[in-house]
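Work through the exercises below with the sequence and the model open. Each task is followed by a solution in steps.

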Amino acid sequence: MNYLTVENISKSYGELVLFEDLSFSVHKDQKIAFVAKNGTGKTSILNILSGDDEADSGNIIYRKGIKVSFLSQDPKFDNNLTVEETIFASDNPILKIIHTYEKALLNPEDTDTYQKAFEAMEQHQAWDFETQYKQILFKLKLEDLNQKVGLLSGGQKKRLALANALINKPDLLILDEPTNHLDLEMIEWLEAFFAKENITLFMVTHDRYFLERVCNEIIELDEGQLYSYKGNYSYYLEKRDARIEREAVETNKAKQLFKTELEWMRRQPKARTTKSKSRIDDFFEIKHRAHQRRKDYQVQLEINMERLGSKIMEFHNVSKSFKDKVILKGFDYTFKKGERVGIIGKNGTGKTTFLNILTQTTKPDGGKVVKGDTVKFGYYTQSGITIKPEQKVIDVIREFGDYIPLKKGRQISAQQLLERFLFSRKKQYDFVEKLSGGERKRLYLCTVLIQNPNFLILDEPTNDLDIVTLNVLESFLLDFPGCIIVVSHDRYFMDKVVDHLFVFKGEGVIEDFPGNYTDYRVYEDSQPVISKATEDKKEHTSWKQNEASKLSFNEEKELRNIESKLKSLAYDKKQLEDKFLNPDLSQEDINQLSEELQDIINTIEAKEERWFELSEKLEG
């Protein structure tokens, strides 16, 4: 069943042509991701679909009678309404029935009104719906229903808009970066929600794990053409590479044919037969194919990193609270050269406060933070670049000088540097306020890196960056010799870049986990016995911050190694168990696999037993 048809839409801003004659359709049960480089018109297309903008030409046709919800990057609300009033202001008839019932509960003496409201709830089976919408608000951390929308943060407003869209139970849901402003727990819940709910999706997202786990089709806008891939993100990568390779082969063939035809054309055949005229017409098509070139320019990241001394950053018994909310409690840590730390935790557990204490823009309540003399921070914040009225792109970079130093005594002009960040000479003289969200983030990244930091702090760096730029940034960070701290909900990015995690548990508890995010999830999911047996002693898995350890150095090391090994063993166990699903296994294969599985189970039990011994000693 066709829900949406887009026919030959085009959009330009002055001389800038974003796209021309684009056509695609969305059918029932499809979960489509729309992928393109920054600045090529993704958000403009979503705005056209939502009616917030108009195409210069073409048609948008929705199936009659279907319900459509939109999630924009900048949702608009009445700031005078509460969260609950905003939810009930929707056109959903079931919500209006629930609202009437809840009002009736406030006046129980009016038995007639209550009875009618109760019967309406029964008739429309609204009880389950009420439970579900309250669960959505709970999962998205919007539990204070009486809070005024005007007092919400930007992230809370985005989550409220998402809640509204989900609660309305649309047939078609159109989303612009749905995972922005969600913590990791919320993102994983949203993935599961979309997996079980029968909602047709069309979304723009750069969250590659979300693409992998939610989408069953990807539409890519590349070089002005649309390409459809009937699969998830892994399938898309495989088929896209094959397409580009195939196009390169076809272009090379066209070049060879063009040389032959060019020689023929230069001989200027006098007899213009029907056949020769046809060949002349074909020549111009061959010429066009032979001269096609992909514009696969990539961001080039290079800095002249300041030398980093032996002393970097040290936390000594650091504490920080806001009234009754504990952020840090006796925190001790010494950063070493080349450390790559990922920071994860629920919203409100103190991640940003920790970064502010690290950069010494916020003072701790107790303890001491010692910064090495050679440390030079590069702090990429969520707020992004500060836009000055009528400031041009080139002016932003020239504030740091007309020439920027690079490695080995080289230097580069401000214009050349911007070209490395994919800003053409023409684009460099655009006003910053006219840039797309992704282009602003790319410009901001440029301003952070050209100051040659040796300690990078990246707070949600992946928001609004396209996948091409993300891949380049990941490669750059893997080669970066200084220290890196990353706060990100992008699990794919986190997995590639970080070596270990600071897991903010709340109430001042921070767990140091020796692995990336996927390692951490596998470990958590594989430890039901440990997690249940030590429900009230969660601090076992975090290192002691405010008291001398009761373990020797070797025992501490052994405890860490056991935790890492258990994670690895759980993965091996799962892999072996999956092999039993093969229907072609012989009895001999089954016996061998059973022996291997039993060995792993025995090893896990022994490791867990030793883990408990060391944990008890740590507590005692």
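**Exercise 1.** Find the bridge partner of Glu7 in E4, then place both strands in their sheet.

Step 1. Glu7 has Asn59 as its bridge partner in E4. The model is predicted, with pLDDT of at least 70 needed for local features and 80 or more for side-chain atom pairs, while totals for chains, interfaces and linings use all residues. Numbering starts from 1 along each chain as its sequence is written, and side-chain values use heavy atoms, without hydrogens and water.

Step 2. Strand E1 (residues 2–13) and E4 run antiparallel and are joined by five bridges. Strands here are DSSP runs (E, at least two residues), as helices are (H or I, at least four), numbered from the N terminus; two strands pair if DSSP finds at least two bridges between them.

Step 3. The open sheet has three strands in the order E2-E1-E4, with antiparallel pairing. Strand E2 (16–27) and strand E4 (57–62) each have a single partner strand and stand at the edges, so one side of each has no neighbour in the sheet. From one strand to the next, the twist averages 15° (axes are lines fitted to C-alpha atoms, and angles run from 0 to 180 degrees between N-to-C directions).

**Exercise 2.** Decide whether helix H11 is mostly covered or mostly open.

Step 1. Six of the eight residues of H11 (residues 351–358) are buried, and the helix is mostly covered. Buried means under 20% relative accessible area (1.4 Å probe, protein chains only).

Step 2. The buried residues are Lys351, Thr353, Phe354, Leu355, Ile357 and Leu358.

Step 3. Just after H11, Gln360 has a positive phi of about 65°.

**Exercise 3.** Where does the second largest cavity lie?

Step 1. A cavity is a set of points on a 1 Å grid over the protein atoms alone where a 1.4 Å probe fits but cannot get out; lining residues have an atom within 4 Å of a point. The second largest cavity holds about 60 Å³, its volume being the space filled by probe spheres set on the points.

Step 2. Its lining includes Glu177, His206, Asp464 and His489. By class, six lining residues are polar, four are charged and none is nonpolar (Asp, Glu, Lys and Arg count as charged; Ala, Val, Leu, Ile, Met, Phe, Trp, Tyr, Cys and Pro as nonpolar; the others as polar).

Step 3. Domain 1 (2–236) and domain 3 (313–526) both contribute to this lining, so the cavity lies between them. The domain bounds come from an automatic or database assignment.

Methods:
Buried means under 20% relative accessible area, exposed over 50%, partly exposed in between (1.4 Å probe, protein chains only). On a 1 Å grid over the protein atoms alone, a cavity is a set of points where a 1.4 Å probe fits but cannot get out, and a pocket is an open set with protein on both sides within 12 Å along at least five of seven lines; lining residues have an atom within 4 Å of a point.
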